[in-house]
Amino acid sequence: SVVAQGPLLWQQNLNGTAIITPIRTMSVAIDRSGNVVAAGRTAVNVPSGDFTVAKFGPDGAPLWQQHLGTFSRLGNGASSVAVDQDENVVAAGFTIGTGRDFTVMKFSPDGVLLWQRDLHGSTEDRANSVTVDKQGNVVAGGTIGGAFALVKFSRDGDVLYIHGSAASRMLRNLDQGIPVCITVTLLDGLVLARSVFNHSMN
């Protein structure tokens, strides 16, 4: 019998300058313009493995590459990639920080790193999958501290900063990584009086 095969339109190989095992593509996505984005692991900057994201035109022409991570025998790597409605690229995987960290990165359509978030719970954390919702919020799943982990970031990768005394029991407990619940109040305006005890808000 004869099996019909589709024609090969193009192929791109990224090998890097160092030899490690394995060098591989783990995930691909296509944006609204037909560009192809791939994420995985190469060895261009880090001999033991880079967190690698690359973008190609519809015809396979290389548009940009990012090879990121920290030097370590454990190496770095991307496991999943997605694109949002503005053609920004989001990739998830692991990098080396305090051990192996659950890592999510967002790039502009031109390949500029917009933000990076690293979450640590043990020495073997990693993000395995990532997606983007209609509002551009980023959701990644994987393992943190040996647990099934699902994490959602705003489109800007917002980080919540809590200001307080270093002697505060609450801040010291938060520094230990305990779960926390945050309530946000949307303010239309502040009403300021001469005395601080008479201030209010709308």
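**Salt bridges, a pocket and a phi angle**

Reader: Arg100: buried or exposed?

Author: Arg100 is buried, with a relative accessible area of 11%. Buried is under 20% relative accessible area, exposed is over 50%, and partly exposed is in between (1.4 Å probe, protein chains only).

Reader: What am I looking at, and how is it numbered?

Author: This is a predicted model, where local features need pLDDT of at least 70, side-chain atom pairs count only at pLDDT 80 or more, and totals for chains, interfaces and linings use all residues. Residues are numbered from 1 along each chain as its sequence is written, and side-chain values use heavy atoms, with hydrogens and water left out.

Reader: Back to Arg100. Which residue does its side chain meet in a salt bridge?

Author: Glu124, at 3.3 Å, N to O. Arg100 sits in strand β7 and Glu124 in the loop between β8 (113–119) and β9 (126–132), 24 residues apart. A salt bridge needs a side-chain nitrogen of Lys or Arg within 4 Å of a carboxyl oxygen of Asp or Glu. Strands (E, at least two residues) and helices (H or I, at least four) are DSSP runs, numbered from the N terminus.

Reader: And Glu124, how exposed?

Author: Partly exposed, at 43% relative accessibility.

Reader: How many salt bridges in the whole structure?

Author: Five. One of them joins Asp84 and Lys106, at 3.8 Å, N to O. Asp84 is in the loop between β5 and β6, and Lys106 is in β7 (residues 99–107), 22 residues apart. Both are buried.

Reader: What does Arg155 pair with?

Author: Asp86, with the closest N and O atoms 3.0 Å apart. That pair spans 69 residues, from the loop between β5 and β6 to the loop between β11 (147–153) and α1 (169–174). Arg155 is partly exposed at 32%, as is Asp86 at 44%.

Reader: What is the phi of Glu87?

Author: About 70°, so positive, although Glu87 is not a glycine. Most residues other than glycine have a negative phi. Glu87 lies in the loop between β5 (77–83) and β6 (89–97) and is buried at 14% relative accessibility.

Reader: New topic. What is the overall fold content?

Author: One helix and 13 strands. Along the sequence, the helix comes after eleven strands and before two.

Reader: How much of the chain is buried?

Author: Buried residues are 36% of the 202.

Reader: Where is Leu192, and is it buried or exposed?

Author: Leu192 is in the loop between β12 (190–191) and β13 (200–201). Leu192 counts as exposed because its relative accessibility is 64%.
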